[in-house]
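Hi everyone, thanks for making time. Have a look at the model on the screen, and I'll walk you through a few places in it.

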Amino acid sequence: MKASNQPFTEQNLANIKRLFYKKVAMNESGTDKPSAVSHDSPIPLTQTRPRRKRVRKAISIPVAAAFSLCLMTGAAASVGIIDLSSVLHFLGEDRLSILKPVHQVSEDQGIRMEVIGAARDGNTTEIYVALTDLTGHRIDDTLDIYDFRVSGGRANNAQVVQYDESKQTAIVRFLIQGKVSAQRITVRINTMMSGAARNDDYRVPVDWDKLLQEKNTTSYDILDRETDSISGFGGEAGNDLWEIGKIPVLHQDVTQIHVEGMDWMHISNIGFIDDQLHIQTNPDKEIGEYNHGHFYFTNEQGKKLDIPEYSISYGHYMKDGVGYGGDYIEYVYDLSALSKAGQLHQLKLKGSFTNITEVLKGNWTTTFDLKKDAVRKVGAIQLSDPDGSQVPISIQLSTIGITLTGEKLEKIPLDDLRMEIYLKDGSRLTAVSGFISLDQDLLKWISPSTIPVHDVTHLLINGQKVPLQDE
């Protein structure tokens with residue numbers, strides 16, 4: 001693939017970041033815990049209390065700039081030193097200057113992980129990793145680092161920032177937020193996924209007229225919250241049933257309805273119970289646990305309807321000799337209002353689901369030393385949330401970027417944030433997008449170029465001037 005001759009601008013990076021999904025978990029400082037734990041993962045039957053499901057979005061990230069990968073060149077290769085400018089040339093020279101070259105490699109399952117370079121400003125650690133498929137075509141521009149661990153910090157994030165199709169190589173940037181006392185850092189990947197695509201317009205092949213004719217004849221079971229294997233429950237529409245503890249579900253495996261283009265599950269039963277449409281699905285035991293989505297309804301004009309709903313995961317299955325909950329997922333939609341209005345015949349049932357094709361499990365682990373840059377400036381501001389309330393926010397500026405922290409920071413819409421960095425010579429850096437939510441009270445903006453901290457005079461956030469002082 002030919003290298004791009006166009007400079008990599010701040011807007012390029014902002015556009016990439018805007019497409020990144022949130023994939024966050026919280027680590028205690030100084031520990032080594034999973035940083036991407038999905039609430040859709042199988043749940044051992046020993047867990048007694050069901051949890052509300054949270055779905056993870058898998059998004060295909062387009063490649064912003066092609067590049068020709070060359071991990072080591074010339075004399076550098078002879079001593080095992082990485083030429084950062086050849087691998088990370090989409091970053092500016094000043095940005096590359098603060099990265100420490102790292103040459104740590106781990107291979108498993110025919111996939112090579114190499115830590116290329118890293119920088120650390122005390123509270124934020126930025127690590128660039130190259131992932132290469134040595135045997136096939138399992139890594140592409142949809143790569144998702146699903147389950148990973150980075151020692152230290154309390155919030156982690158992993159994003160694909162470059163992809164070279166000819167080399168089957170993706171460059172992933174890890175961000176670790178939180179003070180880390182030790183200089184020794186370990187990066188570990190346990191699971192990654194590829195081939196992810198999302199279709200928001202699946203056509204569900206059901207005979208709607210027949211369903212309506214049989215509306216009052218559906219047989220069903222009642223699950224007991226205390227005694228049956230319920231591993232997941234979510235949705236406000238089902239709160240009353242959950243409190244009662246008696247939850248109706250369809251008989252299992254009555255149908256085998258396959259949705260074209262979605263191979264990881266099928267509809268195992270569908271029918272009405274008291275004006276509520278139940279759609280029972282049976283996901284695949286392997287790939288099914290990583291995919292997610294929901295059904296929805298449109299009217300005759302194709303407009304998506306807002307219908308109260310809830311879902312329940314129940315049953316159990318065996319995997320590697322261990323019992324897990326969640327063999328079936330039943331989606332329930334309250335159509336009573338439309339039924340009273342005589343509008344059921346006008347509905348069209350559709351689906352919005354991901355379709356991940358490859359799940360790669362292994363143990364890719366590297367460890368290296370990284371010193372921190374202690375140059376930082378701090379400030380504070382109060383921003384207004386949509387309700388007009390004032391949200392106090394602490395600000396920290398470093399060579400890598402800007403960190404915003406505050407207990408009610410999640411109330412500030414990211415799309416409303418406008419930030420400018422002013423320098424002594426009158427120039428400025430602008431951040432109008434690309435903020436990464438590492439936690440509900442923690443936002444990070446990564447600058448596309450190195451910030452000259454000593455030359456920064458103040459910030460302007462949503463029109464408010466923020467004086468800065470040396471930390």
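Let's start with Ala-197, which sits in the loop between β8 (184-194) and β9 (198-203). Bear in mind that this is a predicted model. Is Ala-197 buried, partly exposed or exposed? Its relative accessible area is 40%, and buried would need under 20% while exposed would need over 50%, so Ala-197 counts as partly exposed.

And which residues does Ala-197 touch, once we leave aside its neighbours within four places in sequence? Those contacts are Phe-353, Thr-354 and Asn-355. Phe-353 is 156 residues away along the chain, yet the two C-alpha atoms are separated by 8.6 Å.

That theme carries over to the whole chain. Take the contacts between residues at least 6 apart in sequence: 69% of them join residues at least 24 apart. The chain has 471 residues, 52% of which count as buried, and its elements are seven helices and 29 strands.

Now for the interior. In soluble globular proteins, nonpolar side chains tend to be buried together. Here, the largest nonpolar core has 33 residues, and Trp-208, Phe-295, Phe-297 and Leu-335 have the most contacts inside it. Among the elements that each supply at least two of its residues are α5 (208-213) and β17 (322-334), while β13 gives the largest share, with four.

Leu-335 is a nice one to click on: beyond its neighbours within four places in sequence, its contacts include Trp-208, Phe-297, Phe-272 and Leu-347. There is also a second, separate core of 28 residues, with Ile-127, Ile-139, Ala-158 and Ile-185 among them.

Terms used:
Residues are numbered from 1 along each chain as its sequence is written. This is a predicted model: local features need pLDDT of at least 70, side-chain atom pairs count only at pLDDT 80 or more; totals for chains, interfaces and linings use all residues. Side-chain values use heavy atoms; hydrogens and water are left out. Buried means under 20% relative accessible area, exposed over 50%, partly exposed in between (1.4 Å probe, protein chains only). Contact means heavy atoms within 4.5 Å. A nonpolar core is a set of buried Ala, Val, Leu, Ile, Met, Phe, Trp, Tyr and Cys residues joined through side-chain atoms within 4.5 Å.
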